[in-house]
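Colleague: I have a new model open and would like to go through it with you, one short question at a time.

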Amino acid sequence: MEDHACLTLIQNSFPRLTDVEKKVAAYLLANGEKVVYMTVSELAEATGVAPSGIIRFCKKVGYAGYSDLKISLARSVVPGENRLLPAVDGNDSDADVLTRYSPAASTHCTTP
């Protein structure tokens, strides 16, 4: 799937959305990086739209539901989501692997 498919789909759907749905779309387009970590209730509160309105929006733009939209949105806005990761070498220590795949986790890892 194209990296920005979700954002493009939302932008292309904009003209046929209701005013309430446009509020959701505008928030998603402006705050995609935040939305991928939000629950439907949090998004509803942030947009002033009922949770059921969020679900209707998701379905109207072509997703099965909110989770489906968030997965697609994450592919659009989270950097490196689709990149290949480096191979693990059999000689790599646990700390090496953690450093390579999760730099933040490596600060909590100590080698014996």
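Colleague: How far is the sulfur of Cys 58 from the closest cysteine sulfur?

Modeller: The closest cysteine sulfur is in Cys 6, at 8.8 Å from the sulfur of Cys 58, and that is too far for a bond. The structure holds zero disulfides, a disulfide being a pair of cysteine sulfur atoms within 2.5 Å. Please keep in mind that this is a predicted model, in which local features need pLDDT of at least 70 and side-chain atom pairs count only at pLDDT 80 or more, while totals for chains, interfaces and linings use all residues. Residues are numbered from 1 along each chain as its sequence is written, and side-chain values use heavy atoms, with hydrogens and water left out.

Colleague: Is Cys 58 buried or exposed?

Modeller: Cys 58 has a relative accessibility of 1%, so it counts as buried, which means under 20% relative accessible area, where over 50% would be exposed and anything in between partly exposed (1.4 Å probe, protein chains only). Cys 6 is buried as well, with a relative accessible area of 0%.

Colleague: Stepping back, how many helices and strands are there in the protein chain?

Modeller: The protein chain has seven helices and zero strands, where helices (H or I, at least four residues) and strands (E, at least two) are DSSP runs numbered from the N terminus. Of its 112 residues, 31% count as buried.

Colleague: At what angle do helix α1 and helix α5 pack?

Modeller: Helix α1, residues 5-13, packs against helix α5, residues 66-77, at an angle of about 110°, and their axes are 7 Å apart. Axes here are lines fitted to C-alpha atoms, for helices over the stretch in contact, and angles run from 0 to 180 degrees between N-to-C directions. That makes α1 roughly perpendicular to α5, because angles of 65 to 115 degrees are given that name, while those under 35 count as roughly parallel, those over 145 as roughly antiparallel and the rest as oblique.

Colleague: Which residues of α1 and α5 meet?

Modeller: From α1 there are Ala 5, Cys 6 and Leu 7, and they meet Leu 69, Ser 72, Leu 73, Ser 76 and Val 77 in α5, with contact taken as heavy atoms within 4.5 Å. Those residues divide into six nonpolar, two polar and no charged; Ala, Val, Leu, Ile, Met, Phe, Trp, Tyr, Cys and Pro are the nonpolar ones, Asp, Glu, Lys and Arg the charged ones, and the others, Gly among them, the polar ones.

Colleague: And how do α2 and α5 pack?

Modeller: Helix α2, residues 19-35, packs with α5 at an angle of about 95°, with the axes 9 Å apart, and that makes α2 roughly perpendicular to α5. Leu 28, Gly 32, Glu 33 and Val 35 in α2 meet Tyr 66, Leu 69, Lys 70, Leu 73 and Val 77 in α5.

Colleague: What does Gly 32 touch, apart from neighbours within four places in sequence?

Modeller: Gly 32 is then in contact with Tyr 27, Leu 73 and Val 77, and at 3% relative accessibility Gly 32 counts as buried.

Colleague: One last residue: where is Phe 57 found?

Modeller: Phe 57 sits in helix α4, residues 51-60, and is buried, with a relative accessible area of 0%. Leaving out residues up to four places away in sequence, Phe 57 touches Ile 10, Leu 17, Glu 21, Val 24, Ala 25, Leu 28 and Leu 69. Phe 57 and Val 24 are 33 residues apart along the chain, yet their C-alpha atoms are separated by 7.5 Å.
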